[in-house]
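User: Hello! I am new to this structure and would like to walk through it with you. Could you show it to me before we start?

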Amino acid sequence: MPIQYYIYLCLALFSIGIVGVLTRRNAIIVFMCIELMLNAVNLLLVAFSKVHNTMALAGDKTSMLGIEAQLFVFFIMVVAAAEVSVGLAIIVMMYRNVHSVDINFLNRLKN
Amino acid sequence: MSITQFLFYFLTVLALFSAVMVVVSKNPVHSVLWLIAVFFAISGHYILLNAQFLAIVNLIVYAGAIMVLFLFVIMLMNLNASTEPQKNNWLKLAGVIAGGCFLMVLVSLVKQANELNNIAVTMGTGEIGLIKNLGKALFNDFVVPFEISSVLFLSAMVGAVVIGKKA
């Protein structure tokens with residue numbers, strides 16, 4: 001597969017995530033669209049790591065070059081899990097205070 | 001068309017369709033279920049790239065743990081299509097146009113980049129995605145970030161409890 005196909009797929013997924021963030025008012029859906037964008041980036045990192053590794057394998061048959069990108073994806077997943085737990089706690093607290101998950105209620109700092 | 005190419009196109013179509021359905025579903029529970037479909041498609045892509053460890057971790061962490069957390073919160077709040085807040089149509093149109101412009105600019109950028117031509121992703125081969133090699137690298141070269149991430153988890157846990165408990 002040409003690398004462009006992967007780039008197009010990830011760009012499309014990322015853009016769908018952006019459109020979701022811009023068009024939805026439910027805080028949970030906005031949060032889910034952020035997760036979607038994170039996953040698009042992860043997929044692109046793995047594809048690039050494979051490309052990097054294939055290029056290195058041409059010179060050295062046992063090369064492990066490109067493994068850093070996969071560990072980077074692993075750490076992104078770790079951070080995303082921590083972020084989700086805190087973010088959902090914030091959303092639950094907001095629901096308890098204003099009885100809604102509508103992000104338009106989060107404008108109290110505006111004036 | 002080989003079986004790998006067919007699987008690539010199938011998983012791509014599945015991922016994009018499910019992602020669109022996440023955004024357009026009125027019911028938040030349906031959105032969560034479509035997002036799980038997206039994660040399964042992305043895990044399939046990982047398997048095609050021979051990143052087996054990441055495919056399994058993606059399924060366990062994202063589709064297993066995180067989406068259950070989302071589903072749990074949605075059911076706790078009793079959200080459904082009738083309580084769903086709606087933006088007005090002009091704002092939605094503006095959001096779609098903005099995202100479409102972003103996509104168009106980046107796609108035209110990639111189309112013009114001649115450096116990317118003749119670079120192919122080899123599928124179904126390669127050793128770097130196997131758990132043996134990843135474990136060696138993780139516990140030799142990346143052991144400090146790994147331990148720091150445990151501190152991050154501890155602080156996230158404490159933070160979630162402090163935020164979530166009744167003040």
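User: Thanks! Let me begin with one residue: in which helix does Gln112(B) lie?

Analyst: Happy to help, and please keep in mind that this is a predicted model. Gln112(B) belongs to a helix of chain B that covers residues 89-112. That helix is α4.

User: Does Gln112(B) count as buried or exposed?

Analyst: We can decide this by counting C-beta neighbours, since a residue with 12 or fewer of them within 10 Å is exposed. Gln112(B) has 8 such neighbours inside 10 Å. Gln112(B) therefore counts as exposed.

User: How many Å apart in space are Gln112(B) and Val151(B)?

Analyst: Along the sequence, Gln112(B) and Val151(B) are separated by 39 residues. In space, going from C-alpha to C-alpha, their separation is 44 Å.

User: What about helix α6 of chain B: how many of its residues are buried?

Analyst: Helix α6 of chain B runs over residues 143-164, which makes 22 residues. From first C-alpha to last, α6(B) reaches 32 Å, close to the 32 Å expected at 1.5 Å a residue. As for burial, α6(B) is hardly covered, and its count of buried residues is 1.

User: Now to the two chains together. Are α2(A) and α2(B) roughly parallel or roughly antiparallel?

Analyst: Here α2(A) spans residues 27-59 and α2(B) spans residues 28-48, and their axes come within 11 Å. The axes cross at roughly 5 degrees, and angles under 35 degrees count as roughly parallel. The two helices are therefore roughly parallel.

User: Which residues of α2(A) make that contact, and how many residues in it are charged?

Analyst: On the α2(A) side, the contact is made by Ile28(A), Ile29(A), Met32(A), Leu36(A), Asn39(A), Leu43(A) and Val46(A). Facing them from α2(B) are residues including Pro28(B), Leu35(B), Phe39(B) and Tyr46(B). By class, the contact of α2(A) with α2(B) has 12 nonpolar and 3 polar residues, while the number of charged ones is: none.

User: Looking at the whole contact between the chains, which element of chain A gives the most residues?

Analyst: The contact takes 60 residues from chain A and 66 from chain B. On the chain A side, the elements giving two or more residues are α1, α2 and α3. The one that gives the most, with 21 residues, is α3(A).

User: How do the residues on that side of chain A divide by class?

Analyst: We are looking at the side of chain A that touches chain B. Its residues divide into 44 nonpolar, 12 polar and 4 charged.

User: Within chain A, how does α2(A) run relative to α3(A), roughly parallel or roughly antiparallel?

Analyst: The axes of α2(A) and α3(A) come within 10 Å and cross at roughly 175 degrees. Among the residues in this contact are Phe31(A) and Leu38(A) of α2(A), and Phe72(A) and Ile76(A) of α3(A). Angles over 145 degrees count as roughly antiparallel, and α2(A) is therefore, relative to α3(A), roughly antiparallel.

User: What is the phi of His99(A), and where does His99(A) lie?

Analyst: His99(A) is not a glycine, yet its phi is positive, at about 55 degrees. With 10 C-beta neighbours inside 10 Å, His99(A) counts as exposed. Its place is the segment after α3 of chain A.

User: One last question: how confident is the predictor in chain B, going by its mean pLDDT?

Analyst: For the model, the scores are ipTM 0.91 and pTM 0.91. In chain B, 99% of the residues reach a pLDDT of 70 or more. The mean pLDDT of chain B is 89.

Definitions and conventions
Residues numbered from 1 in each chain as written. Chains lettered and ligands numbered in written order. Predicted model: local features only at pLDDT ≥ 70, side-chain atom pairs only at ≥ 80, totals over all residues. Axes fitted to C-alpha atoms, helices over the stretch in contact; angles between N-to-C directions. Helix = DSSP H or I, 4+ residues; strand = E, 2+ residues; numbered from the N terminus. Parallel < 35°, antiparallel > 145°, perpendicular 65-115°, else oblique. Contact = placed C-beta atoms within 7 Å. Nonpolar A, V, L, I, M, F, W, Y, C, P; charged D, E, K, R; others polar. Expected span 1.5 Å × (residues − 1). Buried ≥ 20, exposed ≤ 12 C-beta atoms within 10 Å, placed from the backbone. pLDDT = per-residue confidence, 0-100.
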